[in-house]
Amino acid sequence: MKWENTSLKFKLILYIIMGTMIVLATSTAMTISTVTGQEEELAYKQSIEMARNYANEFNGDMETNRAIAETMALSIGSYDSMSREEANDMLYKMLTEHPHLLGTYLAYEPDAFDGKDELYVNSPGHDSTGRFIPYWNKITGPIKLDPLLNYETLDYYQLPKTTKKEVLTEPYYYEGTFIVSHVSPIIKDGEFIGIVGVDVSLNYLDEVISEVKPFETGYAFMTGNTGILVSHPTNKEWIGERTLYDFENEDFSKVADEIGEGKSGQIETIDPITGEMIVMFYEPIRTGNFSFILVIPKDEMLAGVNTLSNELLKISLASIIFMACISYLIAFSFTRPIKEIVSDFKSISKDAVRGKLDSRAETNVETDFKEIPMGLNEILDAVITPIRDTIRLTNALARGELDERSHLNVQGEFRHLANTLDNFAKLLDLIIKDSNQVLTAIQKNDFSRKVRVYGEGDFLILTEGIEKTRATLSGMIDEREKIEEIRKKEIHHRIKNNLQVISSLLDLESDKFESEEVIEAFRESQNRVISMALVHEELYRSQDMESIDFSDYLMKLVNELSYSYAINKESIKIKIDVDPTFLDMDTAIPLGMIVNELVSNSFKHAFKEREEGEIYVDLSFEDKKLTLTVGDNGIGFPENINFRETDSLGLQLVTTLTSQIDSVIELDRSKGTKFRITLE
């Protein structure tokens, strides 16, 4: 069964129950976490406080023993005339007044007490050296007096002698008894003279500590500064023999390290005896460098926490069952009116599918649900207007009325719909206008106008098709222009070749005559042909096939004429001064023939009576006008001849060609002959 087909009643019940479960589970978890955290913290604090109290209690005992030794050291050190009997009486009295002590003792340096050690050799409380070393003790039961043993090697004597400070020894065995000694040095005039101390049996501490029973199965024990066991409730054989390091447990080793540093703390680990998870609390006993260790099974310590958590879980389960019943009643009260509204909605939706948008929902429903049918009716009213306006606008676009726009004052998706139609109309109008401009330009053989508005979808296909067509036609035109350029080059090349053939024919034909006038006529004709051939050669070599470098052309033409008339360049100098100038063929050919005629006349007539001379050709721009000057410093142009009205074919050509290119020609006879042609 799909979730969307599940009844609203079932969903409401499920949502309420799930919501309740989540809330209760979260709150219960938070409560349990908070309460159990507090309880757990309290259990830890109680255990720490218990360990600290025991540590303080044993610290008090150690402090008392230290004070006894210190008091005796001060008392003995203050009497200069105390006898050995009086000292023994004081030691005996201290031992009897403090039954927890195992022994009291003195030990003096040789002859340091009264200088009479030799009188007491091997007497009670003395050894073979006679040193005063009485040891009152209860090691074997009744109080007895023995001389101290091993004082030359054991710490109880050597440490205070070396440091001149009070010493609490590490636990050690003395005559088979595991003890600890509180020793104070006797200092006189700044010099060490002996010690006074008390011994405490660690059996006493073990008995007391073994009685400590935290919770049900917890226990306590004590270690020395090096981690050696001073007491243990069950394994007595470990006392004085094993250290925390011997358990080969990383946690125990860490505890031993911190005990050695005089730190307190706790750690969770596995008990090597029971195999249970335990919490080990350790507190230092400041007087004596001992540490009191409290071992509590974690389950016992947190038993109250677990009980409280179970009770809270039961309460949460009961709350969930109760909320399930409440959710059923709530769901029923909601679903009944909703079913009625849904039925009404179905009727309206069927009418809307058939295009009947005038149907409206029944608003006579319960107050809490009245806004639903009223809202639906408002939606239907709001939808009809945009739909009708959309129909109007699309019909206008279909008729080609692209300037038509939506005039609705609406918001949201309806505004988006209106804007979409307006944007569509604008885009369509832009595409049509842009494409029309491209097509109009193509009709005028202007293929440079590209499509600028492409659009999307089918519009993109249309505009890309127009652009591809324009590009294809542009390519075809470019190709045709290239072909036309090649054709023009070929024509100019052939014309040049034909003119050169004509020039050669004229040259050959002139060889058949002996008359100078005939030969000259042939030569003039040949030169005229050469001047035209040079123009076509320059056009053939030019880049655009439309214009030639006229300055370069003039140099070649004058050189050809010089060769034609076999002029001695050393006697008749030719000076050419031309500005770089490019002319089209219609101007270049007539102007070239004019230069040909004028320079030829200079070669023929200017230097008949002279062996030397100069012919010059200048081409320059003056006042934005092209000026051509051809002249010589020869005998000059005859005064009686009008060059505009003469029988000379050459001058007739000059006059005619000057008019053809709309230029003005002037003659200057002042210094030889100089013709100036100005192109307007």
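Let's begin with helix α9 in this predicted model. Its buried residues are Ala418, Leu421, Asp422, Ala425, Leu428, Asp429, Ile431, Asp434, Ser435, Val438, Ala441 and Ile442. Try finding them along the helix, which covers residues 412–443. How far should a helix of 32 residues span at 1.5 Å a residue? The expected value is 46 Å, and the end C-alpha atoms of α9 are 46 Å apart, so the two agree. Step just past the end of α9 and you meet Asn445, whose phi is positive, at about 65°.

Now move to another helix, α5, made of residues 250–260. At its N-terminal end, Asn249 acts as a cap: one of its side-chain oxygens lies 2.7 Å from the backbone nitrogen of Asp251. Inside the helix, Phe252, Val255, Ala256, Glu258 and Ile259 are buried. Where do these buried residues point when you look down the axis of α5? They fall within an arc of 165°, so they line one face of the helix. What they pack against is a set of strands: β8 (219–223), β9 (265–270), β10 (277–285) and β11 (290–297). After α5 comes Gly262, which has a positive phi near 75°.

Look next at Arg242, which can be viewed together with two rings. Its charged end sits over the ring of Trp238, 4.8 Å from the ring centre. Arg242 also lies over the face of Phe247, with 4.5 Å to that ring's centre.

Rings can pair with each other, too, and this structure holds 17 aromatic pairs. One of them joins Phe550 and Tyr553 in a tilted arrangement, with 5.3 Å from centre to centre and 35° between the planes. Both residues belong to helix α12 (residues 550–564), and because they are 3 residues apart, about one helical turn separates them. Phe550 and Tyr553 are both buried.

Compare that with Phe637 and Phe675. Their ring centres are 6.1 Å apart and their planes meet at 90°, so this pair is edge-to-face. Why does the pair tie together separate parts of the sequence? Phe637 sits in the loop between β16 (625–632) and α14 (649–660), while Phe675 is in strand β18 (residues 673–679), so the linked parts are 38 residues apart in sequence. Phe637 and Phe675 are buried as well.

To finish, turn to three tyrosines: Tyr105, Tyr135 and Tyr156 are linked by ring pairs into a cluster.

Terms used. Residues are numbered from 1 along each chain as its sequence is written. This is a predicted model: local features need pLDDT of at least 70, side-chain atom pairs count only at pLDDT 80 or more; totals for chains, interfaces and linings use all residues. Side-chain values use heavy atoms; hydrogens and water are left out. Rings of Phe, Tyr and Trp (its six-membered ring) pair if their centres lie within 6.5 Å; planes under 30 degrees apart count as stacked, over 60 as edge-to-face and the rest as tilted. Helices (H or I, at least four residues) and strands (E, at least two) are DSSP runs, numbered from the N terminus. Buried means under 20% relative accessible area, exposed over 50%, partly exposed in between (1.4 Å probe, protein chains only). A charge sits over a ring if NZ of Lys or CZ of Arg is within 6 Å of the ring centre and within 35 degrees of the ring normal. The expected span of a helix is 1.5 Å times one less than its number of residues. The arc is that of the directions from the helix axis to the C-beta atoms. Contact means heavy atoms within 4.5 Å. A polar contact is a pair of N or O atoms within 3.5 Å; within protein, one must be able to donate a hydrogen and the other to accept it, and residues adjacent in sequence count only if both atoms are side-chain atoms.
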